[in-house]
Structure formats: structure tokens, C-alpha cells
Amino acid sequence: MSDATLHATSPDPDDFSVQIADQVESFLVAVTEVAKGDEPDSAVPFLLLEVSQLLLAGGRLGAHEDIVPDERYEPDLGPEADVDVLRERLAVMLEPIDVYSEVFDPYEPRKAPVACRISDDLADVMADLRHGMAHYRAGRTTEAMWWWQFSYFSNWGSTASAALRALQSLVAHVRLNQPLDDLNGLDTDQGLGEDALAEEAGQVMAQEIAGPLGLRTVK
């Protein structure tokens, strides 16, 4: 992609920056709607779809050449939008399966898994994407693209990938009628090792959460 693409003045749907911004906007709107809790029965499948689509945009940003912002220093955006309300609403909605275990860096040997929350992950991704969207809406397209690419590598890419693995695993457990390790009640501030996670986790049959979260089991 050429730099001219990032500086396009017309909203050409074929422009790389327009396509990325559209995918980011779609994710922001979709997760905000899910967090309202109006349709909890479809929450998990919908989040699985939206995170998957967002990571396609992330992959495109990751494969793109380094984007250099127009200005040396990032323009002041003012106060950041608060994501705590969204985080709390998602935590309530996903309460049965919010906590999962994750290894942060698969290339760092002997790292013990830690307890994470899908609600925290999604809220953190939303904060990163909103920051870039504020630049985009202010007409600073290259600044927005730089931010989305930088934060994809530094935070939201790995965070969204972890959430996607958790959501995909949940759906797979339910569809395959397999018991699910319930990490409910684990403290995400604890650095729990694999043995501790296994000891703490109770067995919950998939059908106990399938109905409320909009998932069906295989007959």
C-alpha cells in the first residue's frame, strides 16, 4: 500500500484506510450494542464473529508497511472515553464464562498461564480502537492508522486474539457436548500456574450455560 492511499481525501470504499476504519467502527458499534444486554441469547456467537472480523483488520495492519504519522507528537485528544461501564455490563452478561486462562507469550518458555477476563479484554480493545477513531473522525487519517497499527502490535492484537481463543473454545465445548472448566471465582490478579488453575476449576456441563448464552448443543 502506498502512502497516497492513507492520505486520500475522498471516502473511496476501496481505500485501505477507509476499509480499516469501517471494520473498526463495525466492531465498536457491535460490542457496544452487545453490552447493552438487549439480546443476551446471542451474545457469545455474536462476539465470536465480531472479534474474528476485527482480527482480519488487525492482520492487514500487521502485514502493511510501517505507517509513519504526519506529526512528531500525537495531537491531544482530550479526556479518553470511559470504558468501565461497558466492561461492567459485559462482565455481568458473561459471568458464567468470563474468566479463562491464558499464556501471554507462546514464545517465552515455561510461562505459567494466568487468569484473564473476556470482559476486560474487550473493554481494553475498545479503548485502543476508540483512541484511533477519534483521530480518524478529526480528519487525521494517517495518525489513526499509525495508532491502530502500533497498538495492534503492542496491545489490542494479542488481547483480541486471547479473547477469540476463549470464545472459540467456549463455542466448541458447547457444540461438541464437552464439559467446560469453570474458572468462575478465580481472581484475575493471581498469577496462578497450570496446576493451580486445574485444582481451582470445577466441572460445569456445557448445557448449563448454552441456553442463556445463545449456544446450542449437538444432539
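**A helical chain and its nonpolar core**

Eight helices and four strands make up the protein chain. The model described here is predicted. Read from the N terminus, the order of the elements is α-α-α-α-β-β-α-α-β-α-β-α. The chain has 219 residues, and 41% of them are buried. Its accessible surface amounts to about 11,900 Å², with carbon and sulfur atoms accounting for 51% of that area. When contacts are restricted to residues at least 6 apart in sequence, 74% of them join residues at least 24 apart.

A good place to start is the interior. The largest nonpolar core contains 48 residues, and the residues with the most contacts inside it are Ile 20, Phe 27, Leu 61, Ile 118, Leu 129, Trp 148 and Trp 156. At least two residues of this core come from each of α2 (16-35), α3 (43-63), α4 (84-93), β2 (114-117), α5 (118-137) and α6 (141-175). Helix α6 gives the largest share, with 13 residues. Trp 156 shows how such a core residue is surrounded: leaving out residues up to four places away in sequence, it touches Leu 54, Leu 55, Gly 58, Leu 61, Val 125, Asp 128, Leu 129, Trp 148 and Ser 151.

Helix α3 may be considered next. With 21 residues at 1.5 Å a residue, α3 should span 30 Å, and its end C-alpha atoms are indeed 30 Å apart, so the expected and modelled spans agree. The buried residues in α3 are Ala 43, Val 44, Leu 47, Leu 48, Glu 50, Val 51, Leu 54, Leu 55, Ala 57, Gly 58 and Leu 61. The cover over these buried residues includes α2, α4, α5 and α6.

Helix α6 tells another story. A straight helix of its 35 residues would reach 51 Å at 1.5 Å a residue, but the end C-alpha atoms of α6 are only 42 Å apart. A bend of about 75° is found in α6 at Tyr 152. After the helix comes Asn 177, which has a positive phi, near 55°.

Helix α6 also holds Gln 149. This residue has 4% relative accessibility and therefore counts as buried, the cut-off being under 20%. Apart from neighbours within four places in sequence, the contacts of Gln 149 are Leu 61, His 64, Glu 65, Asp 66 and Ile 67.

Aromatic side chains deserve a closer look, with six aromatic pairs found across the whole structure. One of them joins Tyr 136 and Trp 148 in a tilted arrangement, 6.1 Å centre to centre and with 35° between the planes. Because Tyr 136 lies in helix α5 and Trp 148 in helix α6, this pair ties together parts that are 12 residues apart in sequence. The two partners differ in exposure: Tyr 136 is partly exposed, with a relative accessible area of 23%, whereas Trp 148 counts as buried at 0% relative accessibility. Trp 146 and Trp 147 form a further tilted pair, 6.1 Å centre to centre, with 55° between the planes. Of these, Trp 146 is partly exposed, its relative accessible area being 23%, while Trp 147, at 15% relative accessibility, is buried. Together with Phe 150, Trp 146 and Trp 147 form one aromatic cluster.

Trp 146 leads on to Pro 69, a residue of the loop between α3 and α4. Setting aside residues up to four places away in sequence, Pro 69 touches Thr 142, Glu 143 and Trp 146. The C-alpha atom of Pro 69 is separated by 9.0 Å from that of Thr 141, although the two residues are 72 residues apart along the chain. Pro 69 counts as partly exposed, with 22% relative accessibility.

Contacts with the later part of the chain can also be traced from Asp 121, which is placed in helix α5. Asp 121 has a relative accessible area of 9% and is buried. Beyond neighbours within four places in sequence, Asp 121 is in contact with Tyr 100, Thr 159, Ala 162 and Ala 163. Asp 121 and Asn 155 are 34 residues apart along the chain, and their C-alpha atoms are separated by 10.0 Å.

How values were computed. Residues numbered from 1 in each chain as written. Predicted model: local features only at pLDDT ≥ 70, side-chain atom pairs only at ≥ 80, totals over all residues. Heavy atoms only, no water. Core = buried A, V, L, I, M, F, W, Y, C linked by side-chain atoms within 4.5 Å. Buried < 20%, exposed > 50% of the residue type's maximum accessible area, 1.4 Å probe, protein only. Contact = heavy atoms within 4.5 Å. Areas by Shrake-Rupley, 256 points an atom, 1.4 Å probe, with all protein chains shown as cover. Expected span 1.5 Å × (residues − 1). Phe/Tyr/Trp six-rings, centres within 6.5 Å; stacked < 30°, edge-to-face > 60°. Bend = angle between axes of the 7 residues up to and from the residue.
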